[in-house]
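Trainee: Could we go through this structure together, one question at a time?

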Amino acid sequence: MKLEPQIEKKTLILVVKESIKSIEDSMQFQLTIDNLTMQNEINNIEIIIEEAYTITSSIIGYLLRLIKQDSMSVSILCRH
């Protein structure tokens, strides 16, 4: 898994290349978002998944927590 984060205004754009399939991948994904949202004033997260066929259920739960508990706006775009 490769992560390419960018910040534009109050939006974190995170491009994910390759599948998120291991616990380590899930942790890296979460830590990347957590660190960037803590260091910057982020209100929106746009996740662009490229060439990936799997995503762990823990990522789905994490994104739902961001929406419900942190009042974050989250969008996901999948590209092949």
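Mentor: Gladly; here are some questions and answers on the sheet, a helix, a ring pair and a few single residues.

Mentor: This is a predicted model, where local features need pLDDT of at least 70, side-chain atom pairs count only at pLDDT 80 or more, and totals for chains, interfaces and linings use all residues. Residues are numbered from 1 along each chain as its sequence is written, and side-chain values use heavy atoms, with hydrogens and water left out.

Trainee: In what order do the four strands of the open sheet come?

Mentor: Strands here are DSSP runs of E with at least two residues, helices are runs of H or I with at least four, and both are numbered from the N terminus. Two strands pair if DSSP finds at least two bridges between them. The sheet has mixed pairing, and its order is S1-S2-S3-S4.

Trainee: Which are the edge strands?

Mentor: An edge strand pairs on one side only. That description fits strand S1 (2-8) and S4.

Trainee: Do S3 and S4 pair in the parallel or antiparallel sense, and over how many bridges?

Mentor: Strands of a sheet pair through backbone hydrogen bonds, either parallel or antiparallel. One bridge joins Glu 46 to its partner in S4, Ser 75. Strand S3 (residues 44-50) and S4 pair in the parallel sense, and the number of bridges is seven.

Trainee: At what angle does H2 run to S4?

Mentor: Axes are lines fitted to C-alpha atoms, for helices over the stretch in contact (heavy atoms within 4.5 Å). Angles run from 0 to 180 degrees between N-to-C directions. H2 lies across S3 and S4, and its angle to S4 is about 145°.

Trainee: Why do the buried residues of H2 count as being on the same side?

Mentor: Buried means under 20% relative accessible area, exposed over 50% and partly exposed in between, with a 1.4 Å probe and protein chains only. In H2 the buried residues are Ile 59, Tyr 62, Leu 63 and Leu 66. They lie on the same side of H2 because the directions from the helix axis to their C-beta atoms cover an arc of only 95°.

Trainee: Which exposed residues does the face of H2 turned away from its buried side carry?

Mentor: The buried residues of H2 have a cover that includes H1, S3 and S4. The face turned away from that buried side carries the exposed residues Ser 57 and Lys 68.

Trainee: Are the rings of Phe 29 and Tyr 62 stacked or edge-to-face?

Mentor: The structure holds one aromatic pair. Rings of Phe, Tyr and Trp (its six-membered ring) pair if their centres lie within 6.5 Å; planes under 30 degrees apart count as stacked, over 60 as edge-to-face and the rest as tilted. For Phe 29 and Tyr 62 the centres are 6.4 Å apart and the planes are at 80°, so the pair is edge-to-face.

Trainee: How many residues apart in sequence are the parts that this pair ties together?

Mentor: Both Phe 29 and Tyr 62 are buried. Phe 29 lies in helix H1 and Tyr 62 in helix H2, so the parts tied together are apart in sequence by 33 residues.

Trainee: Where is Glu 18, and is Glu 18 partly exposed or buried?

Mentor: Glu 18 has a positive phi of about 80° although it is not a glycine. Its place is the loop between strand S2 (11-17) and helix H1 (23-39). At 38% relative accessibility, Glu 18 counts as partly exposed.
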